[in-house]
Every structure is written in structure tokens, then in C-alpha cells.
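Trainee: Could you take me closely through the surroundings of the ligand in this model, and then through the strands and cores that make up the rest of the picture?

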Amino acid sequence: MNESTKVVLVTYPDSFRLDEGKSLVESSGTTIIDSYQIVKIFTQKYLNHSEYGLGAGKAEEIKEFVKQSKVGKIIVDEHLTSKQIHNLEKLTEVPVIDRERLILDIFYSRATTTEAKLQIQLAEIKYEMPRVRENAKLTSGSTERAGKGGMGEYTVDVKFRDLKRQMSFIKEKLQDARRKRNLYLQQRLKTGMPVVSLLGYTSSGKTTLFNLLTHEQKEISSSLFTTLSTTTRSLKINDTGLVVLLTDTVGFISRLPTYMIEAFKSTLEESLAADLIFLLIDCSEKIEDIRIKYTSCWNILDELNVDKSKVFVILSKSDNNVPQERINEIANDLQILNPMIISSKTGYGIRKLKTMIANNIVKVTS
Ligand SMILES: Nc1nc2c(ncn2[C@@H]2O[C@H](COP(=O)(O)OP(=O)(O)OP(=O)(O)O)[C@@H](O)[C@H]2O)c(=O)[nH]1
Ligand SMILES: [Mg+2]
């Protein structure tokens, strides 16, 4: 049985980051041994103060609360340096988890394929490496070189070398997995079957659409990062006789450091090599949130050098109380001409979506 750990969440006051921070914490507790129960949320306009990330006054306030309410962990929804984590842990006497650690923990608890597990291990090492020397410095109390003048220095070097060795080992294994995947992809491409991929922010409805189109039963949920690996199935397009391969994959999230995007590149590779990319946007959300998610998705696509001409925006979840005026407002705001509007729940727009695939695949392949 899962045990719940009482945690406090420290995040920003704006509703987007506050809600996403809460969802991340809730998602992290659904499958790992100890689930989190948020007992209080502290907000801060800035989380880049040098000593603790948060301001010193807020840190003291949290320290008191943690003591009185027997809180087991503090989760800060921002990237923190080792020094900031160390200072906050020392002050509050409970473990501190930052945004990257939290995302890594979710990935870790959810990963089912060997490749996904390796990618997470690689991301973890990349998270760990810059912290090794820093941590040693902090725990030895020295402000100079790590573990100066004794055992410390030696231990740190050994640990560092060990992480480096692990990193090249994992990279090699990932290369192998990648080669196999590429071979598989090449074989598929040789069959001439066009590939259509579903990409988008986490929880935008990719897997629900994938299941509807391919009659699959892949896991869907309102938690973040439900899908962590790539699945491909064939899809018959109406009566055209056209068969395409449809891929579903891991979702995006904002404020993801480059090394994490890098770590997941090979999972995304198949999706990125597609003839058509459907970028799903949940249109039932607030326009401000849609804007942030849309921009984040494009930032990641840009970072991955995706050819923009093959990306089509799909507004998903239209059944969720989205009148036509809202659709117009979103299309205007995001400057999308004739967006496709669908609902995987009611089936609205699905026929049109298939026709659109047929039309564009013909264009791409002719
Ligand atoms: N109302 C409504 N809800 C939907 C629709 N499509 C998906 N959902 C819900 O949205 C949530 C997320 O759906 P998923 O299909 O798991 O989303 P995803 O994009 O695959 O998410 P990740 O795998 O976490 O990246 C689930 O609770 C779904 O039931 C839709 O058309 N209408
Ligand atoms: Mg999914």
C-alpha cells in the first residue's frame, strides 16, 4: 500500500504555474511508493534568490510550518542549485525536491520500456554531475575546492569518474536501441507507408485520439506524463485505401531543461521523422494557458529542428464546453488559419481529420 508523505509546495502565484505545479506533485504520487499529499502551498513571485531560491523570510515561514505540521518534504517548482537545496534542507531539516527532480521522479516511476528507463538514467546522471563537486564542497563546509585536503577530494573524483563511466555505458546502450529503432524505421519507410505523429503538451489528449483512431487501449489519464514511450499503429483512412502509420509519444512541458529534451530525443525521433505532425492543443483551457502551452511546444519543436511546414495544429477536447466564439478567439490569438477542431470523446471532427490526412499525404508523397 502507498504511504503518503505530507509535503509543502513552493511555486509561483500565477494560476498556470500554480496549477501545473500541483498537477506535477499529484502525478508523481500516483504510482511511486510514497505518494505526496500537499498540505500547504507557498507562493513566491521570484524563485531565484541566491540563498534558498525563495526569499529568506518565506524560508523561515516554511521552516516553522514544516515543524508544526510534521511535513516530510518541501517541493520547489523551479530549478534549484545544490547550494540552494543544501541551505534550505539545513534550515528546515527536511529533504527538498526541485522541479527537475520531481519530473525525473515521475518519469522514473512511469517508464516501462528499457529505452525510456535508460533515457531517464542518462537525464539523472546529467542532473547529478554538476552537483557532485558542489555537494561535496557544501557538506565539507569548505568554500574552496571540493573536499579539500583529504578523503573528500578523492571520494568526489571517484564519484565523478564513476558517473562519467555510467554515462558512456548508458549512451552506448542507447545508441544500440537507437540503431535498432532506425533500422525499423527505415524498413517502415521502405514500405512507403506515410507516418503521421501526434505531438503536444502533456495531457492534451494525444493518446485518447490515438486509441480512437487505431482501436488501441493505451493508458490515458488526467495525470501528467501518462505516456513515456512511442507507440506506432497502422490507420486506414476512410474509403481511400490509404494506410498510414500513426505514432503517439511522450508529451511536452514548459521549463524543461535542454538536457532533458536531449535525453528524450530518441523517443521522439520516430515522431519527428513523420510526414505529418499533428500538434494537439487542448482548446477547453483558459486562453492564457493555451498561449503558454502553445509557445512551449513550439520552443521544443524549434529546439528539435522540426520542419514547420509539416506541423498542423489540432484543437482537441472541443466537447468540453467550447463555443465557436472561443475557437475563433483561440485561432486569432495563436494566428492559426483554419485549425482542425476535434473531440475524441464525441468523435466530432474525426472524419474531417482523416480526410485532411489523406489530402496532405497525397501532397507530401506526390
Ligand atoms: N472532454 C474530453 N476530454 C478528453 C478528450 N481527449 C482526452 N481527454 C482527457 O484528457 C486527459 C488526458 O488525455 P490523454 O489522452 O492521456 O493525454 P496525452 O496527451 O496522451 O497525455 P500524456 O500522455 O500525459 O502526454 C484524460 O483525462 C482524457 O480523458 C476529449 O476529446 N474530450
Ligand atoms: Mg499519452
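Mentor: Since this is a predicted model, let us begin with ligand 1, which is surrounded by 23 residues, the closest being Gly205, Thr207, Ile220, Thr227 and Gly251. By class, this shell is made up of 16 polar, four charged and three nonpolar residues, and the element that gives the most to it is helix α7 (residues 206–214), with three residues.

From the ligand we can turn to strand β7. Five of the seven residues of β7 (residues 242–248) are buried, so the strand is largely enclosed by the rest of the structure. Strand β5 (residues 195–200) runs parallel to β7 and is joined to it by four bridges; in this pairing, Leu198 has Asp248 of β7 as its bridge partner. Strand β6 (residues 231–237), by contrast, runs antiparallel to β7, with seven bridges joining the two, and here Leu235 stands opposite Val244 in β7. The strands β6 and β7 form a hairpin with four residues between them, and in that turn Asn238 has a positive phi of about 40°.

The nonpolar cores come next. In soluble globular proteins, nonpolar side chains tend to be buried together. In this model the largest nonpolar core has 41 residues, and those with the most contacts inside it are Val7, Val8, Ile74 and Ile75. Among the elements that give two or more residues to this core are β1 (3–11), α1 (15–28), α2 (56–69), β3 (73–76) and α3 (82–92). Apart from this core lies another, of 35 residues, which includes Val244 together with Leu209, Ile300 and Ile330, and Val244 is the residue of β7 that Leu235 stands opposite. Returning to the largest core, Val7 touches, leaving aside residues up to four places away in sequence, a set of residues that includes Val25, Ile38, Val39, Ile74 and Ile75, as well as Tyr36 and Lys73.

Helix α3 deserves its own description, its buried residues being Gln84, Ile85, Asn87, Leu88 and Thr92. These buried residues cover an arc of only 165° around the axis, which puts them on the same side of α3. They pack against α2, β3 and β4, and just after the helix Glu93 takes a positive phi of about 65°.

Notes:
Residues numbered from 1 in each chain as written. Chains lettered and ligands numbered in written order. Predicted model: local features only at pLDDT ≥ 70, side-chain atom pairs only at ≥ 80, totals over all residues. Near = placed C-beta within 6 Å. Nonpolar A, V, L, I, M, F, W, Y, C, P; charged D, E, K, R; others polar. Buried ≥ 20, exposed ≤ 12 C-beta atoms within 10 Å, placed from the backbone. Pairing = 2+ DSSP bridges. Core = buried A, V, L, I, M, F, W, Y, C linked by C-beta atoms within 7 Å. Contact = placed C-beta atoms within 7 Å. Arc of directions from axis to C-beta.
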